[in-house]
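Here is a walk through one model, sheet by sheet and helix by helix. Keep the viewer open and follow along.

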Amino acid sequence: MNYRKIIFALIAITTISSNVYSQKTIQNVFDREAISLNGSWNYIIDPYQMGYLDYRQKPFDESKSGKGGFYDNLHNVSKETKVEYDFSNEPTLDVPGDWNSQDQRLLFYEGTLWYKKDFVVKPTTDKNYILYFAAVNYECHVYLNGKKLGTHKGGFTPFQFDVTSKLNDGENFVVVMVDNTRKKDEVPTINTDWWNYGGITRDVLLVSTPKEYINDYKVQLAKDNKKVIEGFVKVKGINTSQDVVVEIPELKIKTTFKTDNQGLVKFNIPVKKLTYWSPNSPKLYDVKITSKLDEVEDKIGFRTIQTVDKNILLNGKSIFLKGISIHDENPLLGGRLRSDADMRMLLTWAKELGCNYVRLAHYTHNERMVQLADEMGLLVWAEVPVYWTISWTNAETYANAENQLAVGIERDKNRASVIIWSIGNETPVNEDRNVFMGKLVDKVRALDDTRLVAAALEIEREGYKITVEDHLGDKLDLASFNEYGGWYWSNAKELPKYSYDIKFNKPVIISEFGAGALAGFHGDDDTMWSEEHQELIYINQLEMLDKMDGLRGMTPWILVDFKSPRRQNPVFQNFWNRKGLISNTGEKKKAFFTLQEYYKKKTKQYK
Ligand code: GCU
């Protein structure tokens, strides 16, 4: 028995720094009373972390005084003062927004950058105040009026700080140190095929709630039961039981429940007649939840999703998932999506393609994107950035991955559009990985037993035979995998010769296939990077896949060209991954119409 190993493991587990990962954030934050802190923030580029570490590389905020860093927000106030930074004389960045697309000097920048924002608030004693960040990439340290609030890791999930007792009556300033340096043991790890956009990439809000407030709730159909609305309400800040009312006026539902002394009540409400949410009729109901001092409103759709053998049943009816993969990027900006309009643009293109489904790759997307999918009638595959080869045996890495998964599930649990939680993409088959991923599956099932769990599995190829038997698939609901026939292996014309041996009696979802093409570059269909070559790969891919028993959906890679630091061909790529069906200037390539035609056919088939 190797006691040293056990002791190290124990130390590792006990020292997982849980405070850098988000705790539960307030549900449906965009419905809350809030001061938006979006807009212009001053910034300081700080490659040597001068604002954080002293010359002995010790953090200023851990020194006796806790002072000394840029979060003090000092200025040269007289001819004697010598302050070597000054936010107020610095340019500004837009928030939400990555820094790479806003300042040419920062296009490739990976490192530390400081943000500062002044704001005025008149706090009242009957309210709580929560400083909410929808996402900051990657690691950040947050300070309010010179005092440290905390640290967060993970570039795609929300986190918050209770600042009720920390606000000034009047002038306040928040300072955020952001570091997007890639590191091996993080999630994602150092190697990705997307741009490592840094900064405060999503909304920042100062939310105010009554002292006792509805912190969380779930209102969805029970697992596999179309006749029961099931859920819970959590009122925070109380220690005695309290009445909460769940109201769905259109369904003539108005039911009062009593919480326990911790403010929690679980409920189920029988429902007779209901318009079930589906892509063709994305019906959302106004839902209102009221407690003694608080009320929240939401727009919620009700649908069931399940698999039976190789079929996917939406509201009990077999469906084909006509999808496309999407990154959180506005190609016209070459930066992270910043507004509803940006997000709606991508989802509208997906609808034009004939989609009823999108894969939001490879990380948790903006909450507004998922709410828009609810509204526009697009089913969603949501994913965490457990991408390629991460540190499978590192307990901290696991805690990070599990946290991103849990926070994403908590945030979007009331979204009818979300039907699949994906735990990762193209992760190599080995025992440590199976253990790691297996635990993530268990975590999903513990948090949400009403949706499907999946991953982009590994495949094997021998001659013209593709075998899919990655054992992680045993724990999942779908046989989903990426395959780049015609592009990374074989060639376009050989594709129809290939056949698949899929060792799972589960619905088959092709989570990626595709090919690169420079929009406007034309040639015969053998000419690499030409639209004709991409088109041929789509034609032959769809012919090959259509023969597959159990094919129930796909999300070709990808809706629109996207920026990638791994794509350096100066003529055809220029740091763009060109597998989009639409170019980065919004031009539709020939293959767009090939897939559109195919989805028309599928629509007829699954009428
Ligand atoms: C991979 C991966 C994507 C990547 C794509 C590509 O399968 O999942 O993130 O961009 O292939 O190579 O274009």
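Two strands count as paired if DSSP finds at least two bridges between them. With that in hand, look at V120, which stands opposite E171 in β9. Bear in mind throughout that this is a predicted model.

**Around β9**

V120 and E171 are one spot in a longer match: strand β4 (residues 112-121) is joined to β9 by ten bridges, and the two run antiparallel. Strand β6 (residues 139-144) also pairs with β9 in the antiparallel sense, over six bridges. There, Y143 stands opposite V175 in β9. How much of β9 is buried? Of the ten residues in strand β9 (residues 170-179), nine are buried, so the strand is mostly covered.

**The eight-stranded sheet**

Next comes an open sheet of eight strands, ordered β25-β24-β23-β22-β21-β31-β30-β28, with parallel pairing. Its edge strands are β25 (452-456) and β28 (479-482), each pairing on one side only. From one strand to the next, the twist averages 25 degrees.

At the β28 edge, four bridges join β28 to strand β30 (residues 508-512), and the two run parallel. S480 stands opposite I509 in β30. Further along the order, β21 and β22 pair in the parallel sense, again over four bridges, and S325 has R359 in β22 as its bridge partner.

R359 is worth a second look. In a regular strand the side chains alternate between the two faces of the sheet. In strand β22 (residues 357-360), Y357 and R359 are on one side, while V358 and L360 are on the other. Which of these two faces is covered? Both are, with Y357, R359, V358 and L360 all buried.

Over at the other edge, helix α5 (residues 431-447) lies across β24 (418-425) and β25. Helix α5 runs at about 160 degrees to β24.

**Two helices side by side**

Two packed helices are described by the angle between their axes and the distance between the axes. For helix α6 (residues 531-546) and helix α7 (residues 590-605), the angle is about 25 degrees and the axes are 7 Å apart. Angles under 35 degrees count as roughly parallel, so α6 is roughly parallel to α7. Their contact is made up of six nonpolar, two polar and seven charged residues. On the α6 side the residues include Y538, I539 and L542, and on the α7 side they include L595, Y598 and K602.

Does the length of α7 come out as expected or not? At 1.5 Å a residue, its 16 residues should span 22 Å, and the end C-alpha atoms are 24 Å apart, which agrees. Several residues of α7 are buried, among them F592, L595 and Y599. The buried residues of α7 pack against β21 (321-326), α2 (340-352), α6 and β31 (551-554), and both β21 and β31 belong to the eight-stranded sheet.

**A small sheet**

There is also an open sheet of three strands, in the order β18-β19-β20, with antiparallel pairing. The edge strands here are β18 (305-308) and β20 (317-318). Strand β19 (residues 311-314) is joined to β20 by two bridges, and in β20 the bridge partner of L314 is K317.

**Backbone oddities in the loops**

Most residues other than glycine have a negative phi, and most peptide bonds are trans. These four spots are worth checking against that:

| Residue | Backbone feature | Loop |
|---|---|---|
| P96 | cis bond from V95, omega near -5 degrees | between β3 (92-95) and β4 |
| P188 | cis bond from V187, omega near 5 degrees | between β9 and β10 (204-210) |
| Q57 | positive phi, about 65 degrees | between β2 (39-45) and β3 |
| W388 | positive phi, near 60 degrees | between β23 (379-383) and α4 (395-412) |

Are Q57 and W388 buried or exposed? Q57 has 52% relative accessibility and so counts as exposed, whereas W388, at 18%, counts as buried.

**One more loop residue**

K24 lies in the loop between α1 (3-14) and β1 (34-36). With 42% relative accessibility, K24 counts as partly exposed. Which residues does K24 touch? Leaving aside residues up to four places away in sequence, K24 touches Q160, N215, D216 and E410. D169 is 145 residues from K24 in sequence, and the two are 27 Å apart in space, C-alpha to C-alpha.

Terms used: Residues numbered from 1 in each chain as written. Predicted model: local features only at pLDDT ≥ 70, side-chain atom pairs only at ≥ 80, totals over all residues. Heavy atoms only, no water. Axes fitted to C-alpha atoms, helices over the stretch in contact; angles between N-to-C directions. Parallel < 35°, antiparallel > 145°, perpendicular 65-115°, else oblique. Contact = heavy atoms within 4.5 Å. Nonpolar A, V, L, I, M, F, W, Y, C, P; charged D, E, K, R; others polar. Expected span 1.5 Å × (residues − 1). Buried < 20%, exposed > 50% of the residue type's maximum accessible area, 1.4 Å probe, protein only.
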